[in-house]
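Colleague: I am new to this structure and would love a close look at one pocket. Please show me what lines it, and then what else is worth seeing around the rings and the enclosed spaces.

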Amino acid sequence: MNKIILAITICAAAALGAAARDLVILHTNDTHSLILPDADGKGGVLQRKAIIDSVKSANKDVLLIDAGDKVQGTLYFKFFKGDVEYPLQNMLGVDISILGNHEFDNGLQALAEKERMLKTERLSANYDFTGTPAEGLFKPYTIKNVGGKKIGFIGINIDPESIIAQAHYEGMGFKNVIETANETAAFLKNKKKCDLVVAVTHIGYPKGNDKTTDPELARASKDIDIIIGGHSHTLIDPKNPDSYPSIVENANGRPVLIVQTGKSGKYIGQIRVDLDKLKTSTPADYDYSLIEVTDRFPEKRLDPKIKQFLQPFTDSLESVKRDVIGYAAQDFINEGRTGAFPNWSADFGSWYGNLVLDSLRQTDPSMPKLDFAIMNVGGIRNPIPQGPVTTGQFLSTFPFSNRYVIMRISGKDIIETIEVAAKKGGEAVSHEMTVVCDSNRNVERVLLDLKEIDPEKTYTVGTIDYVAWGNDDMRSMANGEWIYSDEPELCARIIRYVKELTRLGLPMTADVRPRFVYGE
């Protein structure tokens with residue numbers, strides 16, 4: 001009998017040993033403070049937690065990764081400055097996280113205070129925080145031992161120049177993306193003998209400017225197996241043939257798996273790696289899928305601790321959400337960087353700039369009239385559907401602490417700015433401007449009131465301080481001379497404008513005709 005029991009035990013052990021040992025990596029990026037599901041029932045932190053718990057209950061080895069921009073985009077960050085999002089990272093059980101550019105929105109001091117709240121391992125290989133409030137908070141890499149295998153993770157962040165307001169990262173050093181990633185990956189593979197190297201990045205997928213992208217990093221690498229990305233809000237879906245490619249060959253012709261889950265936490269990415277086959281498989285063999293986050297879970301599946309934590313924050317925002325201030329006569333959306341909302345915001349900038357200059361002219365008759373306004377499409381964070389509009393909607397849609405600025409700037413600098421905008425597909429410019437481009441997005445003409453801009457002439461332009469500093473890749477705007485800077489935040493001026501429209505019995509309406517015209 002003892003021999004039979006021993007034989008059964010040995011067989012069971014052999015069967016257990018033969019079973020595949022999988023590492024499951026769950027990942028998110030650019031969740032942007034979407035705490036509750038949207039109007040379509042997508043996203044929501046309680047729903048994400050239910051999915052994470054389900055995956056963890058079915059798998060032994062699960063790691064949860066966040067690739068940055070967990071904040072900014074809803075009233076929760078506008079009012080509570082991270083006191084909601086950071087504790088939630090701990091409640092979700094995030095194992096590894098990196099910074100996005102929006103973690104810097106309240107400056108380095110606030111960033112450091114909030115990041116200290118995290119229980120996660122914070123990674124950044126190419127930001128040097130020496131001498132700043134964030135010194136000592138971030139490691140370049142970490143190694144996880146899973147099933148007898150060593151898994152190395154690297155944190156790689158975007159070049160902050162023209163992306164993050166300079167005052168918000170003053171004193172921080174930046175190291176080249178590709179050089180740093182390759183150097184760290186080689187160290188992990190060759191010195192630390194890691195079986196798998198994962199770069200967690202916040203640099204973006206599509207090429208939109210002069211900054212390094214995930215595919216470029218993959219092609220220049222030799223020791224990176226997986227890139228978990230963020231920043232560009234790209235939904236990489238391997239089941240969708242029209243999606244961005246998830247497999248890119250590296251410098252040695254070996255495949256690199258690139259993943260990203262879009263934005264607002266509406267999907268969780270899942271990478272399943274058979275650890276027993278690491279030596280015989282490639283990243284092209286890993287099982288990568290997207291899990292849609294919906295409101296399908298019954299109440300009993302939702303985490304009671306998170307519900308209790310969120311309740312006072314959610315209750316305090318209800319009055320703002322209910323405060324109706326106007327009516328939108330059409331859907332205000334941003335289609336391909338043009339359309340109703342970009343046009344409306346720029347036309348507001350033109351109207352408000354002329355209002356300011358008319359007032360200043362009462363004491364200084366030399367004050368010019370405004371020639372046009374340029375805002376930034378990236379500052380419009382949410383659509384507003386046709387119907388009643390509330391204070392809360394505008395605070396969520398224009399969440400940044402931007403101020404309105406009027407400046408004098410040369411025609412040459414304006415043309416250079418417009419050339420950058422045209423390559424991206426357009427920008428929020430007011431009705432005075434028309435930009436004619438060829439099919440390759442090269443600018444052929446820049447017109448103001450149907451007259452060619454003169455490169456040698458000085459123009460008066462309304463914008464926001466973020467753009468006036470040369471951010472959002474519009475570097476030549478920084479060459480202008482400021483003649484006026486507003487004190488209240490831009491959103492406060494916009495809300496006041498909408499209230500005035502309502503007082504006059506007028507709805508919000510916008511011209512939807514494109515102001516960047518592209519040839520076929």
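Modeller: Helices are DSSP runs of H or I with at least four residues, strands are runs of E with at least two, and both are numbered from the N terminus. This is a predicted model, in which local features need pLDDT of at least 70 and side-chain atom pairs need pLDDT 80 or more, while totals for chains, interfaces and linings use all residues. Residues are numbered from 1 along each chain as its sequence is written, and side-chain values use heavy atoms, without hydrogens or water.

Let us go to the second largest pocket (an open set of points on a 1 Å grid over the protein atoms alone, with protein on both sides within 12 Å along at least five of seven lines). The space in this pocket is about 160 Å³, counted as what probe spheres fill when set on points joined across faces, edges and corners. Its lining (residues with an atom within 4 Å of a point) consists of Phe348, Trp351, Tyr352, Leu355, Arg493, Arg496, Tyr497, Lys499 and Glu500. Two or more of these residues come from each of helix H9 (340-360) and helix H13 (490-503). H13 gives the largest share of the pocket lining, five residues.

What kind of residues are they? Five are nonpolar, four are charged and none is polar. Here nonpolar covers Ala, Val, Leu, Ile, Met, Phe, Trp, Tyr, Cys and Pro, charged covers Asp, Glu, Lys and Arg, and polar takes in the others, Gly among them.

Several rings in that lining belong to a wider group. Phe348, Trp351, Tyr352 and Tyr497 line the pocket, and ring pairs link these four into a cluster with Phe332, Phe341, Trp344, Phe394, Phe398 and Tyr404. A pair has ring centres within 6.5 Å, using the six-membered ring of Trp, and planes over 60 degrees apart count as edge-to-face. The structure as a whole holds 23 aromatic pairs.

One of them joins Phe332 and Trp344 edge-to-face, with 5.9 Å from centre to centre and 85° between the planes. This pair links distant parts of the chain, 12 residues apart: Phe332 sits in the loop between strand E15 (324-328) and H9, and Trp344 sits in helix H9. Phe332 and Trp344 are both buried, meaning under 20% relative accessible area with a 1.4 Å probe and protein chains only.

Now for the enclosed spaces. A cavity is a set of grid points where a 1.4 Å probe fits but cannot get out, and the whole structure has four of 30 Å³ or more. The largest cavity takes up about 110 Å³. Phe398, a member of the ring cluster, lines the largest cavity together with Ser345, Met375, Asn376, Gly379, Ile380, Pro399, Phe400, Asn402, Ile464, Leu490 and Cys491. That lining has eight nonpolar residues, four polar and no charged ones.

The second largest cavity has about 80 Å³ of space. Around it are Thr31, Ser33, Leu34, Ile35, Val45, Arg48, Lys70, Glu85, Leu88, Gln89 and Leu92. Helix H2 (45-58) and helix H4 (85-92) each supply at least two of these residues, and H4 gives the most, with four. Five residues of this lining are nonpolar, three are polar and three are charged.

Key
Phe/Tyr/Trp six-rings, centres within 6.5 Å; stacked < 30°, edge-to-face > 60°. Buried < 20%, exposed > 50% of the residue type's maximum accessible area, 1.4 Å probe, protein only.
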